[in-house]
Amino acid sequence: MLTLDYSWLADPVYQHWLLRGTLTTLELAFASSGIAIVIGLFGALALTLRIAWLDAFVELFVEIFRNTPPLLQMLFFYFTLSTIGLSVTDPRTGLSMPLLSAFSCALISLSLFGGALCIEAFRSGLESLPRAVTEAARSLGYTRWERFRRIEMPIASRICLPALTNIMTNQFKTTSQASVITVPELMYYAGQIYNDTFRTAEVMILVLFIYVTLVSLLSWGMSLVERALAFPGYGKGH
Amino acid sequence: MPTFPLTYAEKKRVIQFAIVLAVLLWIAIDAATGGAQNWSRVWLRLPILLTGQASGWPLEGGFSLNILLGLCAMALAAVLGTFLGFGMLSKRKFIRVPSFLVMNFLRNSPWLVLLFAMLYIIPFRVNVFGVSIAIPAFVKAVIGLALPTSANFAEIIRGAVQSIHSGQWEAARSLGYMPMAIYWRVILPQALRRMIPGWMNLYALLMIATSLATVTGIQDVITTLNTLLAMENERVIVYFYITALFLFFAYCYPIAVLARRLEQSVKGDTL
């Protein structure tokens, strides 16, 4: 049977690492979710404009990012952005340095990945709007932009809140993969700690519990928002 | 035969076709202006990426190992998920509540962390009746990937069963069906139709997640890729990554499209 030894947790160095890792994870998760939602809004707007070429591009973007592993996307951005030319020459050493840190590469790739999912969520939200609503807005003389901003998006965003919760928790969970490209987040520090202490099982169990707690808190918070904004007649809201 | 003017959907398809053509053209131009050398490197290594063997046979690793891993994990997840799903639908509280807790725990934990945890929690070898059996990394990867998948699997079962109109239950009960018979003869045949698109999407998601198995050290496509890249120069790396991304895309996109089509066909039947 497993015997667990958590005496290493008393060391302030490891406590500090865990804390810093958790903070970086939170930072990455919220920043990328925020950017993803913005991308999702713009994508959904682009789709409602019904311009064929824009629609085609957005759909291609969504399909590419949804159907490839985020880990591979991250590695791709990490290793190729500097090769393509995003690098600066360090004046002190004369060596070529990548312009983007591992953190920004992870942020870019996670935002794009989440953005693709958000576009899809907003699109299905907009599609589930009753036709009568848009027709009523049109007959009241709303312009295309006003209709999107004042009628369609406020309703659609409330309808697709559960999907958005899913995306945000998924985003949070995916940040753990950023450790592969050496972003100093929770998973990365976990590796550092068990390399030091050789307490692999203990460290992984603790980290698993930290992630589950944080993600559960997030989805609980989002469920409160969902309930507050619930739309009578749609989904769980009654 | 398309008539002019084209409909919106037709126009979109033409443009998408044009984009794909443009990408191909761009690759051709790139190949003509020096990229051919890089592509030939990729072409040379492609059998290794796909099968883990330079000769292409037998299948030992690479992308074929990802597919095998995905299938094994899905099979295990189907078994676990069915138990978990029906546990959550159970009327007895002492089955339902733990099932919900387990499902939520597995669904809220990151795939990578769960995989790592399984890697270190499952012992290196176990003793069964005095015989010591080594647990290979592949088995650990299957278990690590099957756990979160089974939670999603269970959710799909629960969602589909609960989406069946309550009138079906009442009608079956008033006709004198036993509870088990209601499930087998009335509810499940209808619910199964709604589960299948969800399972297909889940399989695509799992297939994408098999890329994480590289952390267990098995010779999957990313491990192979990293080994190969150690021998290549910086420029070629881009070509290799694009190839690897394309492999996953080519495998998962058709599944996603098929799932969406099925979903559309199931959508209409409420009751």
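Which residues make a nonpolar surface patch of about 710 Å²?

**View 1. A nonpolar patch on the surface of chain B in the predicted model.** The patch, with an area of about 710 Å², is made by B:F17, B:V20, B:L21, B:V23, B:L24, B:W26 and B:I27. Of these residues, B:W26 is found in helix α1 of chain B, which spans residues 8-51, and with a relative accessibility of 58% B:W26 counts as exposed, because the class of exposed residues begins over 50% relative accessible area.

**View 2. The second largest pocket, lined by helices of chains A and B.** About 1,400 Å³ of space lies in this pocket. Its lining is made of 35 residues, and those closest to the centre of the pocket are A:I64, B:V23, B:I27, B:I242 and B:F246. The elements that give two or more residues to the lining are, from chain A, α2 (52-66) and α3 (70-84) and, from chain B, α1 and α9 (234-267). The largest share of the lining comes from α1(B), with 13 residues. Two of the residues listed as closest to the centre, B:V23 and B:I27, are also named among the residues of the nonpolar patch in the previous view.

**View 3. Two cysteines of chain B, B:C72 and B:C252, that are not bonded to each other.** The structure holds zero disulfides over all chains. B:C72 is in no disulfide, and the nearest cysteine sulfur, that of B:C252, is 17 Å away. Taken from the other side, the closest cysteine sulfur to that of B:C252 belongs to B:C72, and the separation of 17 Å is too far for a bond, because a disulfide requires a pair of cysteine sulfur atoms within 2.5 Å. As to their surroundings, B:C72 is partly exposed, with a relative accessible area of 28%, whereas B:C252 is buried, with a relative accessible area of 0%.

**View 4. The salt bridge between A:R199 and A:D5.** A search of the whole structure finds 13 salt bridges over all chains; in the one shown here, the closest N and O atoms of A:R199 and A:D5 are 3.4 Å apart. A:R199 lies in the loop between α8 (186-197) and α9 (200-229) of chain A, while A:D5 lies in the segment before α1 (12-48) of chain A, so the pair ties together parts that are 194 residues apart in sequence. The arginine, A:R199, counts as partly exposed at 31% relative accessibility, and A:D5 is likewise partly exposed, with a relative accessible area of 27%. A:D5 and A:R199 are also linked with A:E202 in a network of salt bridges.

**View 5. A salt bridge within helix α5 of chain A.** A:E135 forms a salt bridge with A:R131, and their closest N and O atoms are 3.4 Å apart. Both residues lie in α5 (residues 131-139), four residues apart, which corresponds to about one turn of the helix. A:E135 is partly exposed, with a relative accessible area of 43%, whereas A:R131 is exposed, with a relative accessible area of 65%.

**View 6. The buried salt-bridge partners A:E152 and A:R147.** The side chains of A:E152 and A:R147 meet in a salt bridge, with a distance of 3.5 Å from N to O. A:E152 has a relative accessible area of 5% and A:R147 one of 10%; both residues count as buried because these values fall under the limit of 20%.

**View 7. The largest cavity, lined by residues of chain A.** By the rule applied here, the count comes to one cavity of 30 Å³ or more, and the largest cavity has a volume of about 30 Å³. The residues that line this cavity are A:S33, A:A36, A:I37, A:C118, A:L164, A:I167 and A:M168. Two or more lining residues are given by each of the elements α1 and α7 (161-174) of chain A.

**View 8. Chain A, the setting of the cavity, with its nine helices and two strands.** From the N terminus on, the elements run α-α-α-β-β-α-α-α-α-α-α. The C-alpha atoms of chain A fill a box of roughly 70 × 50 × 30 Å, taken along the principal axes. Of the 238 residues of this chain, 48% count as buried.

Definitions and conventions: Residues are numbered from 1 along each chain as its sequence is written. Chains are lettered from A and ligands numbered from 1 in the order in which they are written. This is a predicted model: local features need pLDDT of at least 70, side-chain atom pairs count only at pLDDT 80 or more; totals for chains, interfaces and linings use all residues. Side-chain values use heavy atoms; hydrogens and water are left out. Buried means under 20% relative accessible area, exposed over 50%, partly exposed in between (1.4 Å probe, protein chains only). Patches are made of residues with over 30% relative accessible area and no salt bridge: like charges are joined within 9 Å, nonpolar side chains (Val, Leu, Ile, Met, Phe, Trp, Tyr) within 5 Å. Accessible areas come from the Shrake-Rupley method with a 1.4 Å probe; for residues, only the protein chains shown count as cover. A salt bridge is a side-chain nitrogen of Lys or Arg within 4 Å of a carboxyl oxygen of Asp or Glu. On a 1 Å grid over the protein atoms alone, a cavity is a set of points where a 1.4 Å probe fits but cannot get out, and a pocket is an open set with protein on both sides within 12 Å along at least five of seven lines; lining residues have an atom within 4 Å of a point. Grid points are joined across faces, edges and corners, and a volume is the space filled by probe spheres set on the points.
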